[in-house]
Amino acid sequence: MAVDLHTHSRVSDGSDPPERIVDLAAELRLKAVALMDHDILDGIPAARARAEEVGIPFVPGTELSVEWPTGRMHMLAYFIEPGPGPLQDRLQGLRDGRRARNRLIVEALQGLGIDITGEEVAAEAGEGAIGRPHIAAVLVRKGVVATIAGAFDRYLADGRPAYRPRPRLGAAEAARLTGESGGVAVVAHPHTVAGDSEGFAAAFEQFADAGIAGIECHYSEYAPELRQRLASLAGRYGCIATGGSDYHGTYKPDLRLGTGRGDLAVPDACYEALLAARPR
Ligand code: AMP
Ligand code: FE
Ligand code: FE
Ligand code: ZN
């Protein structure tokens, strides 16, 4: 049996309603599923209600983008419930930062001669946390680029002409707020902070020092051998290994829920380790 501990709904930059995420997991007979929308918890009540209906264990959470000495890190904050709390109280400010940053990106694109408006981006995104994938989707729809990945490569990725940064929490601060909110902090897709495979050991040691409890080792982009190697490396630094597809629906068209690019199978043990890591 397998689990999927990293998915996004249309409450942030996925394309499916939260209920559909749960349905897809249930159809695959996964042992558990987590909804990890960026900087927002609004999808959790609907996803949980559906999970109770269909009888699949559900993990609430959110994915944060945080500062790390070598750049930016995505941090998965598991077991964060909607409502007040140390981390929860920071999310609105992070979404406000997104809104201001998105406006600057649209202005930068306009400055490059591209016909795009903030209203078009808002219409693409709907309610919730709006991000660069929504801007990318508008660029695809208008024929400016062929794919969402192409929009990042040409305009939106860090270092490209329409990239604009937004305010972030520090990694250790985010890990602390997560723990104080009853959650478990996990580094998402660690290659984005660790660089090449030689860098993983040094990075994993620093993760543990920053108060991070787990590392996403079973990730769609890693070959099966690398997933295993990362999982044993995580254990060496006292971190749990987790995993997930990073499913975004049509915003990442080559990733499927549960199976990623086809060969992902996140062990149930990852879910059990995550449960055991919860602060008491
Ligand atoms: P934002 O949250 O607005 O900063 O946008 C970051 C999100 O864009 C990530 O969570 C991914 O879902 C997506 N993303 C980042 N880089 C790329 C890329 N190169 N191609 C496609 N999607 C990307
Ligand atoms: Fe995303
Ligand atoms: Fe991410
Ligand atoms: Zn993600």
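This note goes through a predicted model point by point, starting with the metal sites and ending with some individual residues.

1. The iron ion (ligand 2). In this predicted model, the iron ion (ligand 2) is coordinated by Asp 13, through OD atoms, and by His 38 and His 248, each through NE2, at 2.1 to 2.7 Å. The angles among its six donor atoms run from 52 to 147°, and the site is irregular. Along the sequence, the donor residues follow the spacing D-x24-H-x209-H. The two histidines link distant parts of the chain, since His 38 sits in the loop between β2 and α2, while His 248 sits in the loop between β8 (240–244) and β9 (266–267), 210 residues apart. Both His 38 and His 248 are buried.

2. The iron ion (ligand 3). Here the protein donors are Glu 63 (OE), His 74 (ND1) and His 189 (NE2), and they lie 2.1 to 2.3 Å from the ion. The spacing of these donor residues in sequence is E-x10-H-x114-H. Glu 63 belongs to strand β3 and His 74 to strand β4 (residues 71–78), and the two are eleven residues apart. How much of each is accessible deserves a careful look: Glu 63 has a relative accessible area of 1% and is therefore buried, whereas His 74 reaches 25% and so counts as partly exposed, because the limit for a buried residue is under 20%.

3. The two ions together. How far apart are the iron ion (ligand 2) and the iron ion (ligand 3)? The separation in the model is 5.6 Å.

4. The third donor of ligand 3. His 189, whose NE2 atom is a donor to the iron ion (ligand 3), lies in the loop between β6 (184–187) and α8 (191–194). The phi angle of His 189 is near 25°, a positive value in a residue other than glycine. With a relative accessible area of 8%, His 189 is buried.

5. The surroundings of ligand 1. There are 13 residues around ligand 1, and those that come nearest are His 38, Arg 98, Arg 101, Arg 132 and His 248. Three of the polar approaches can be described in detail. A polar side-chain atom of Arg 98 is 3.0 Å from an oxygen atom of ligand 1, and a polar side-chain atom of His 248 also lies 3.0 Å from an oxygen atom of this ligand. For Arg 132, by contrast, it is a polar backbone atom that lies 2.8 Å from an oxygen atom of ligand 1. His 38 and His 248 are thus found around ligand 1 and also among the residues that coordinate the iron ion (ligand 2).

6. Helix α2. Which residues of helix α2 (residues 44–54) are buried? They are Ile 44, Ala 47 and Ala 51. These three cover an arc of only 70° around the axis, and so they lie on the same side of α2. The general reason is that an α-helix has 3.6 residues a turn, so residues three or four places apart point the same way. The face turned away from the buried side carries the exposed residues Glu 52 and Glu 53. The cover over the buried residues of α2 includes α1 (18–27), β2 (33–35) and β3 (58–68). Just after the helix, Gly 55 takes a positive phi of about 75°.

7. Asp 16. This residue lies in the loop between β1 (2–3) and α1, and it is buried, with a relative accessible area of 12%. Leaving aside neighbours within four places in sequence, Asp 16 is in contact with Ser 9, Arg 10, Ile 21, Leu 24 and Tyr 247. With Tyr 247 there is a polar contact of 2.5 Å between the side chains. The C-alpha atoms of Asp 16 and Thr 250 are 8.4 Å apart, although 234 residues separate the two along the chain.

8. Ser 245 and Asp 246. Ser 245 is placed in the loop between β8 and β9, and at 0% relative accessibility it counts as buried. Beyond four places in sequence, Ser 245 touches a number of residues, including Asp 4, His 6, Thr 7, Ser 220 and Leu 264. With Asp 4, a polar contact of 2.6 Å joins the side chains. Asp 246 lies in the loop between β8 and β9, and it is buried, with a relative accessible area of 2%. Although Asp 246 is not a glycine, it has a positive phi of about 65°.

How values were computed
Residues numbered from 1 in each chain as written. Chains lettered and ligands numbered in written order. Predicted model: local features only at pLDDT ≥ 70, side-chain atom pairs only at ≥ 80, totals over all residues. Heavy atoms only, no water. Buried < 20%, exposed > 50% of the residue type's maximum accessible area, 1.4 Å probe, protein only. Helix = DSSP H or I, 4+ residues; strand = E, 2+ residues; numbered from the N terminus. Arc of directions from axis to C-beta. Contact = heavy atoms within 4.5 Å. Donors = N, O, S within 2.8 Å, 3.2 Å for Na, K, Ca; no water. Tetrahedral: all angles 85-135°; square planar, octahedral: opposite > 155°, others 65-115°. Near = heavy atom within 4 Å. Polar contact = N/O pair within 3.5 Å; in protein donor to acceptor, adjacent residues only side chain to side chain.
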